[in-house]
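User: I would like to go through the assignments in this model and see what each one rests on. Please set each value against its criterion.

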Amino acid sequence: MTTQFVAAKKARNMEYANKVIMAPMVRIGTLPSRLLALKYGADIVYSEETIDHSILKCRRFHNRLIGTVDFIEEGGRSIFRTCPLERRKIIFQMGTSDPARALEAAKLVKDDVAGIDINMGCPKGFSLKGGMGAALLEKPEKVREILTTLVQGLDIPVTCKIRILPSVEKTLELVKVIESTGVAALAVHGRTKEERSSSPVHIDVLRQIASIATVPIIANGGSDLIKSREDAAAFISNTNCSSVMIARAAQWNPSIFRSSGPLPTEEVVKEYLKLAIEYNNPFANTKYCLAQIMHDRLTSPNGAKLTAARSMEELCNVWGMISYYEEIMAKRRELYENLSIREQK
Ligand code: FNR
């Protein structure tokens with residue numbers, strides 16, 4: 001099969017144009033946040049980045065108590081949790097420096113997700129030292145090898161997420177290398193790896209990339225300009241890209257995806273907490289995500305209680321949701337007993 005044919009076949013599986021997307025975000029992009037973004041109208045959601053080595057150490061487990069598929073490390077820690085509700089919208093993002101290892105890891109999750117994305121923009125020391133993330137931006141041959149191996153070895157769409165390089169010319173050359181591999185789309189964070197999020201996003205460079213690209217370009221880096229879905233649409237048209245990917249603005253208010261406008265913070269918090277309870281999200285992650293949603297009101301009475309909370313019960317108490325929590329826990333215990341009895345028979 002030629003690369004072009006494979007790409008055309010995969011592009012039909014998942015369309016990346018005209019989409020408003022929740023970006024990959026470590027610690028934020030866990031199941032409750034993704035489901036909430038989808039509920040509010042995000043078209044596609046990315047998982048937080050998982051390193052290929054980590055997923056390779058996991059076993060796949062069908063968690064019948066909460067209706068999820070969990071990828072669990074030997075010690076019992078869940079590395080990635082997903083569920084049928086997001087099956088066609090979830091892109092699993094991976095960090096890698098090696099084509100064969102990336103393919104092996106992607107094969108473990110491919111039947112539970114809609115696509116695989118490779119992080120080629122992370123500027124953090126651990127990524128760079130491991131030859132992953134933004135380290136790949138300087139190695140177009142390695143980029144070509146990783147993406148070609150994945151495109152040819154998988155039957156789901158493959159994408160990657162990059163940052164721009166200091167030279168526009170080099171950035172455009174890299175884009176050409178990437179699209180020649182048969183990826184279904186390319187997300188571009190319009191900053192260099194040296195630039196922090198406080199630097200303005202390079203809309204002009206995103207525009208130049210869009211003008212030469214033959215695959216959908218997903219524009220990223222505009223959170224400071226995006227406070228609503230309308231702003232997200234404006235970012236698409238200002239950059240001339242096909243789609244937009246939102247990180248920080250969605251971290252602070254997941255209801256930004258609503259076409260009828262964002263909701264008040266306390267309402268969003270309750271919706272988030274409901275999903276965290278239903279999907280048994282770990283307390284520490286739940287508290288962290290809630291603290292991001294409450295970021296500008298952590299000194300309010302509920303913000304102070306959130307900061308002081310030491311358990312899921314205490315979190316639920318802050319927003320009057322303890323009876324919902326207890327109801328879900330009771331149902332889960334009942335289901336557990338029924339499943340145990342059935343297994344003993
Ligand atoms: C990120 N970002 C990120 N990028 C990525 O490719 N994989 C990841 O796991 C993460 N993790 C992450 C965590 C958090 C808390 C933040 C704020 C950001 C970068 C992110 O996806 C995005 O590229 C930048 O934040 C720029 O987009 P916004 O924030 O301007 O929309």
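Analyst: The questions below take up the domains, their contact, and the ligand site of this predicted model.

User: How do you know where the domains begin and end?

Analyst: The bounds come from an automatic or database domain assignment. By that assignment, domain 1 covers 3-254 and domain 2 covers 265-344. Their centres, taken over C-alpha atoms, are 28 Å apart.

User: What makes a residue part of the contact, and how many residues does each domain give?

Analyst: The criterion is heavy atoms within 4.5 Å. Domain 1 supplies 21 residues to the contact and domain 2 supplies 21 residues. The area buried between the two domains is about 2,000 Å², with 64% of it on carbon and sulfur atoms. On the side of domain 1, Arg-27, Pro-32 and Leu-65 lose the most area to domain 2, together 30% of what that side buries.

User: Why is the pair Glu-271 and Lys-39 called a salt bridge?

Analyst: A side-chain nitrogen of Lys or Arg has to lie within 4 Å of a carboxyl oxygen of Asp or Glu. Lys-39 and Glu-271 meet at 3.0 Å, N to O, so the pair qualifies. Between domain 1 and domain 2 the count is one salt bridge, alongside six residue pairs in polar contact.

User: Which elements give two or more residues to the side of domain 1 that touches domain 2?

Analyst: They are α2 (31-40) and α10 (248-252). Helix α2 gives the most, with seven residues. By class, that side of domain 1 has 12 nonpolar, five polar and four charged residues.

User: What makes Arg-34 and Glu-86 a salt bridge, and where in the chain are they?

Analyst: Their side chains meet at 2.6 Å, N to O, and the cut-off is 4 Å, so the pair counts. Arg-34 is in helix α2, while Glu-86 is in the loop between β6 (78-82) and β7 (90-95). The two are 52 residues apart, and the pair links distant parts of the chain. The structure holds 18 salt bridges.

User: How do you know which residues surround the ligand?

Analyst: A residue counts if one of its heavy atoms lies within 4 Å of the ligand. There are 17 such residues, and the closest are Gln-93, Lys-161, Asn-220, Ser-223 and Arg-248.

User: Why is the approach of Asn-220 to the ligand called a polar contact?

Analyst: The limit for a pair of N or O atoms is 3.5 Å. A polar side-chain atom of Asn-220 is 2.5 Å from an oxygen atom of the ligand, so the pair is a polar contact. Glu-49 also meets the limit, with a polar backbone atom 3.2 Å from an oxygen atom of the ligand. For Asn-119, an N or O atom of the side chain is 3.3 Å from a nitrogen atom of the ligand.

Technical notes:
Residues are numbered from 1 along each chain as its sequence is written. This is a predicted model: local features need pLDDT of at least 70, side-chain atom pairs count only at pLDDT 80 or more; totals for chains, interfaces and linings use all residues. Side-chain values use heavy atoms; hydrogens and water are left out. Buried area is the accessible area (1.4 Å probe) that two parts lose on being put together, summed over both. A polar contact is a pair of N or O atoms within 3.5 Å; within protein, one must be able to donate a hydrogen and the other to accept it, and residues adjacent in sequence count only if both atoms are side-chain atoms. Helices (H or I, at least four residues) and strands (E, at least two) are DSSP runs, numbered from the N terminus. Ala, Val, Leu, Ile, Met, Phe, Trp, Tyr, Cys and Pro count as nonpolar, Asp, Glu, Lys and Arg as charged, and the others, Gly among them, as polar.
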